[in-house]
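I opened the model to look up a few annotated positions, the sheets and the ligand shell. My entries follow in the order in which I made them.

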Amino acid sequence: MEIFNDTQKEIARRIRPESNISNWQDWKWQLKNSVQTTEKFELLTGINFPENEKKLMKETLKRFPLSVTPYYLSLIDTDNYNNDPVFKQAFANINELTVLKTDMADPLSEDTDSPVEGITHRYPDRVLFHVSNICSMYCRHCTRKRKVGDVDSIPGKEQLRKGIEYIKNTPQIRDVLLSGGDPLMLSDSYLDWLLSEITAIPHVEVVRIGTRMPVVLPYRITDELVEVLKKYQPLWINTHFNHPREITASSRAALAKLADAGFPLGNQSVLLADVNDCPRIMRKLVHKLVQNRVRPYYLYQCDLSEGLAHFRTPVGKGIEIMESLIGHTSGFAVPTYVIDAPGGGGKIPVMPNYIISWSTNKVVLRNYEGIITTYTEPESYESKFCDRNCEECNLDLQLEEPDEQKGIGIEKLLSDYDTAISLVPDNNERYNRRENNGG
Ligand SMILES: *Cc1c(COP(=O)(O)O)cnc(C)c1O
């Protein structure tokens, strides 16, 4: 199997004329030789930026630093770099300095929803645990752009223990998502320690790792790493491919190692203008992913972080892409398109509409081909009154322990066990008036 091509050999030679090509597959060598300046970028790619452009790029890099692995850089088509999806994700664009009034440093309020440093606790039963402040490559479209290059470090054990303690003391948490930065920037032994601590907590049922290593530094997926991770099943791994061009022989080998070891693999893409905002590109991407045993999980609408305006598409582009996938291809190749709510509301799924109309006995639907069809509702459905008294219910849910989770949102309005008839925003004027009237 071809692991490196001529471009990669040439880049390795330019990094160090005497360097052994076998270094190329050493992830630490890749990190040591990451490209962080425009000059080195030019030297290794052979691209010569026009002088005026270079000046503006340097301005951009002062605010948002550059870091690209030689491997990821080798995927750039240097003859056509201005249109290259890898170049656009890896190399600075002066438009990053354009900050709109509606942009935010922390649009998802991750820092606000943080009970202890390093933890974002947004949903009732799961947390995001930031275990690394660094990545092997700085994505230009990073939603945590505010932090990129700030604290280039891995938090020490004392720091991480605070997060572990929080998880330990919060029994609702059944799912811990390791993120960062990139958690696979931690050494194998440090990951071993961290995972042993987290999985020792009785109420933690699953751990997930979000990493871009298979895309930007596939050599990080070593046999030794896999041996460590295997001890902590069930462990889910989510990666971040945005374009079919990123799926190379090296990345396929990394994915195969992870899949062979039994980790369920998912992919989270970000919809990016002039990178992958095209139904044909997305279809090619999801097909290549499932060929490599990776399930497309989310397609994200680009967040309102500062410096990302030039990457954003209208939501309509995402819906158009979903329209071109649903029904047209395998269901398991279709990701869920989500908008991560500004202000910290979490991920909101968005889809084309399939329900056209509804009566008490029929639903009118349309399919992906445009056929309009009807589904007849059952005549004799006895609605179940659920007061959450499962012992009296004829459905056989044998709860081992009481389910304490309270109804939230629309779920609560639909329920029988809660008496709420409406959800009222805080400080609703009309409700305030009622109170003032002694009502
Ligand atoms: C995305 C995210 C999660 C995980 O969400 P899932 O929909 O379960 O994948 C958890 N916490 C935060 C803060 C997130 O942004």
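Where is the place of Cys-135? I found Cys-135 in the loop between strand 2 and helix 7 (157-168). I note here that the model is a predicted one.

**Entry 1: the cysteine positions.** I looked up Cys-135 because UniProt, in an unreviewed entry, gives it the feature "binding site" together with Cys-139 and Cys-142. Is Cys-135 buried or exposed? I counted 24 other C-beta atoms within 10 Å of Cys-135. The cut-off for buried is 20 or more, so Cys-135 is buried.

**Entry 2: the annotated lysine.** I then went to Lys-347, where UniProt (unreviewed entry) places "modified residue: N6-(pyridoxal phosphate)lysine". I located Lys-347 in strand 9. Lys-347 has 17 C-beta neighbours inside 10 Å, so I entered it as partly exposed. I also found Lys-347 among the residues around the ligand.

**Entry 3: the ligand shell.** Which residues are around the ligand? I listed Thr-120, Arg-122, Tyr-123, Arg-126, Leu-128, Leu-177 and Lys-347. Sorted by class, the shell has 3 nonpolar, 1 polar and 3 charged residues. I checked which strands supply the shell: strand 1 (119-123) and strand 2 (126-130) each give at least two residues. The largest share, 3 residues, comes from strand 1.

**Entry 4: the pairing of strands 1 and 2.** I followed these two strands further. Strand 1 and strand 2 run antiparallel and are joined by 3 bridges. What is the bridge partner of Thr-120 in strand 2? I found Leu-128 there. Thr-120 and Leu-128 are both on my list of residues around the ligand.

**Entry 5: the sheet of 9 strands.** I traced an open sheet of 9 strands in the order 1-2-3-4-5-6-7-8-9, with mixed pairing. Strand 1 and strand 9 (346-349) stand at its edges; each has a single partner strand, so one side of each is left without a neighbour in the sheet. From one strand to the next, the twist averages 30°. I note that the edge strand 9 is the one that holds Lys-347.

**Entry 6: the sheet of 3 strands.** I traced another open sheet, of 3 strands in the order 10-11-12, with antiparallel pairing. Which are its edge strands? I noted strand 10 (355-358) and strand 12 (372-376), each of which pairs on one side only. The twist here averages 25° from one strand to the next. Strand 11 (residues 362-366) pairs with strand 12 in the antiparallel sense over 5 bridges. One residue I looked up for this pairing is Arg-366, whose bridge partner in strand 12 is Ile-372.

**Entry 7: the domains.** I wrote down the division of the protein into domain 1 (6-95), domain 2 (119-349) and domain 3 (390-436). How many Å separate the centres of domain 2 and domain 3? Taken over C-alpha atoms, I have 32 Å.

**Entry 8: Pro-425.** I ended with Pro-425, which I found in the loop between helix 14 (409-414) and helix 15 (429-436). Pro-425 has 7 other C-beta atoms within 10 Å, so I entered it as exposed. I also took its C-alpha to C-alpha distance to Ser-357: Pro-425 and Ser-357 are 29 Å apart in space and 68 residues apart in sequence.

Notes. Residues numbered from 1 in each chain as written. Predicted model: local features only at pLDDT ≥ 70, side-chain atom pairs only at ≥ 80, totals over all residues. Near = placed C-beta within 6 Å. Helix = DSSP H or I, 4+ residues; strand = E, 2+ residues; numbered from the N terminus. Nonpolar A, V, L, I, M, F, W, Y, C, P; charged D, E, K, R; others polar. Pairing = 2+ DSSP bridges. Axes fitted to C-alpha atoms, helices over the stretch in contact; angles between N-to-C directions. Domains from an automatic or database assignment. UniProt positions renumbered as here; feature names shortened; annotations may be inferred. Buried ≥ 20, exposed ≤ 12 C-beta atoms within 10 Å, placed from the backbone.
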